[in-house]
Amino acid sequence: MMTNARFLQIHSLHGYSGVLLNRDDSGLSKRLIYGGVLRTRISSQCLKRHWRMDQGMHSLQSIDGVTAAIRSREIVTKRVIDPLGNFGIDPKVIELLNSTFQTIVYGDKGGSKKGRQPLLLGEPEINYLAGEVAKLAKQYPHDIKAAKEAVDRWKKDSKSNMKALRECTKLPGGIASALFGRMVTSDPEANIDAAIHVAHSITVHAAETEFDYFTVVDDLKELDEDAGASHIGESELNSALFYGYVVVDRGMLLDNLGGDSQLARKVVSHLVKLIATVSPGAKLGPTAPYGYADWMMVEAGDWQPRSLCGAYREPCAAKVRDAVSRINKHLSGIDEVYQTGELRRFFSTDREVSCSGATQISSLQSLADWAGHMTAGHQ
C-alpha cells in the first residue's frame, strides 16, 4: 500500500476549436517543433498564471489558511510608500524611505523602475513591510536627519528584519510561491523552490491553423457613403487537442506549506480541478476559448517522473480515443521495461476508453479527492 508517494504526475488531454490560446510577440499562436512536425503550444507560464489567478469555485485563494500573493515591480511604490501620503509626512522623508526600501526589496537595481524585476510577495509580507515603513515615517515625520538615522539603524539590522519578514507567515510568498516557487535576488534566503513543475502543453498532432479575415462595419455610415469596411484585419485561429503534463513534488509541497498535510491535500485537489477546467485564452470575446479536459490521469509513485509526450513524437489524429491509445501503447512499454509501479487513476468523458494499468473512476471530483488523499499520505 503506497501511502507516501514522492511524486504525483497529472496528465491531461484538452480539445479546442477555432481559438488563439497563447500568443507570441507577433500576435501568432506559440509554436514548437516536435518529432520534426510543427505543433501549437501553450506555455507553462500562461498555464500557471491562469491557475493562480482563477477566481472561480476551485480557486486556490478560496482555501482556508491560504494567503494571496502579488507579483509586481511596484509593490514598494504602491503598497508600501503611497499610503504615507495620507499622514502629512515630509516629502523628503518619504523619498528617503522609498529609495531605501526599493533597494532592500529589489536589490541594487531597485532605485530604477526599469531595473527592478517583478517580485512575488505574499500579502502578510507586504503588510509587514508597510507596517515597518509606516512606523519609521511616523517616528520622524518632519525630521529628515533623525529619519535617516532611524533608517540606517533598520538597514544595520536588516538581516534580522528580513528574517522576520520571511517568518511573518507560514506561507511566505503566498500560495503562488508555495506551488510555483520564487526567486528574490536581494535576499537569497527568501527563495522558494517550486513544488509544482509544469510542462508546455503541445498538440498531439501537427498544427491546424486558419487565418480569419474579418471586417468592422461603422454603424453610423450613411447609405450613400463608401460601402467598404471601416477596418479590416486578420487573426490566426487553431483547432487542437493538447497534451498537458504537471508534476507535484509532494515532499517539497509539504515543506513549502509548513508541513500541513491537510492544506496540501486541499491544494492538490483544487489544482487538479483547475487543470481540468480553467482554459487559458486570448481573444475571449470573439472565440469563447473554454473547454474541459476530455481525459485526465493521475499517477502516484516514487521514481523520477517522466512525461508521456513521447507517445506523440509521431503525430496522431486529433481524436481523444487515438490519443489515449497512443498513451496506452507508450505507457505499456515503459511499464514493461522500468516496472516503476505507480498507482494510477483516470477519468474520461468517453466511457469506453481504458488506460494502461489505471483504475477508471467516475468523476473529476473523485480524481481530485484521490490525488489529495495521496498527497496527504493516505491511500
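## Cavities

In this predicted model, the largest cavity encloses about 140 Å³ of space. Its lining is made up of 16 residues, and those nearest the centre are Ser12, His14, Leu47, Ser201 and Ile275. Strand S1 (7-19), helix H1 and strand S9 (231-249) are the elements that give two or more residues to this lining. By class, the lining of the largest cavity has eleven nonpolar and five polar residues, with no charged residues. In total, the structure holds three cavities of 30 Å³ or more.

The second largest cavity has a volume of about 80 Å³. The residues that line the second largest cavity are Val105, Leu119, Leu121, Glu125, Met162, Leu165, Arg166, Arg182, Val184, Ser186, Asp187 and Ala190. Two elements, S5 and H6, give two or more residues to this lining, and H6 gives the most, with three. Seven of the lining residues are nonpolar, one is polar and four are charged.

## Pockets

The largest pocket has a volume of about 450 Å³. Of the 20 residues that line the largest pocket, Arg71, Pro118, Leu120, Arg182 and Met183 lie nearest its centre. Arg182 also appears in the lining of the second largest cavity. Helix H1 (44-53), H3 and S5 each supply at least two residues of the pocket lining, and the largest share, four residues, comes from H1. The lining of the largest pocket divides by class into eight nonpolar, five polar and seven charged residues.

The second largest pocket holds about 190 Å³ of space. It is lined by 13 residues, with His58, Ala276, Thr277, Tyr292 and Leu364 nearest its centre. Helix H9 (residues 261-277) gives the most to this lining, with three residues. By class, the lining of the second largest pocket comprises eight nonpolar residues, four polar residues and one charged residue.

## His270 in helix H9

His270 is found in helix H9, the element that gives the most to the lining of the second largest pocket. With a relative accessible area of 15%, His270 is buried, because residues under 20% are counted that way. Not counting residues up to four places away in sequence, His270 touches Met57, His58, Ser59, Leu60, Ser62 and Ile63. Of these contacts, His58 is also one of the residues nearest the centre of the second largest pocket.

## Helix H4 and Leu136

Helix H4 (residues 123-139) has 17 residues, and at 1.5 Å a residue it should span 24 Å. The C-alpha atoms at its ends are 24 Å apart, so the expected and computed spans agree. The buried residues of H4 are Glu125, Ile126, Tyr128, Leu129, Glu132, Val133, Ala134, Leu136 and Ala137. An α-helix has 3.6 residues a turn, so residues three or four places apart point the same way. The cover over the buried residues of H4 includes strand S4 (69-72), helix H2 (75-81), helix H3 (91-106), strand S5 (119-122), helix H5 (144-156) and helix H6 (158-166). Glu125, one of the buried residues of H4, also lines the second largest cavity.

Leu136 is found in helix H4. The relative accessibility of Leu136 is 9%, which is why this residue counts as buried. Leaving aside neighbours within four places in sequence, Leu136 is in contact with Leu97, Phe101, Ala150, Val151 and Trp154. Leu136 and Asp82 are 54 residues apart along the chain, and their C-alpha atoms are separated by 14 Å.

## Cysteines

How many disulfides does a search of the whole structure find? The search finds zero. A disulfide is a covalent bond between the sulfur atoms of two cysteines. For Cys309, the closest cysteine sulfur is that of Cys316, 11 Å away, which is too far for a bond. Cys316 is likewise in no disulfide, and the nearest cysteine sulfur to its own is that of Cys309.

Cys309 is buried, with a relative accessible area of 16%. Cys316 is also buried, with a relative accessible area of 10%.

Terms used
Residues are numbered from 1 along each chain as its sequence is written. This is a predicted model: local features need pLDDT of at least 70, side-chain atom pairs count only at pLDDT 80 or more; totals for chains, interfaces and linings use all residues. Side-chain values use heavy atoms; hydrogens and water are left out. The expected span of a helix is 1.5 Å times one less than its number of residues. Buried means under 20% relative accessible area, exposed over 50%, partly exposed in between (1.4 Å probe, protein chains only). Contact means heavy atoms within 4.5 Å. On a 1 Å grid over the protein atoms alone, a cavity is a set of points where a 1.4 Å probe fits but cannot get out, and a pocket is an open set with protein on both sides within 12 Å along at least five of seven lines; lining residues have an atom within 4 Å of a point. Grid points are joined across faces, edges and corners, and a volume is the space filled by probe spheres set on the points. Ala, Val, Leu, Ile, Met, Phe, Trp, Tyr, Cys and Pro count as nonpolar, Asp, Glu, Lys and Arg as charged, and the others, Gly among them, as polar. A disulfide is a pair of cysteine sulfur atoms within 2.5 Å.
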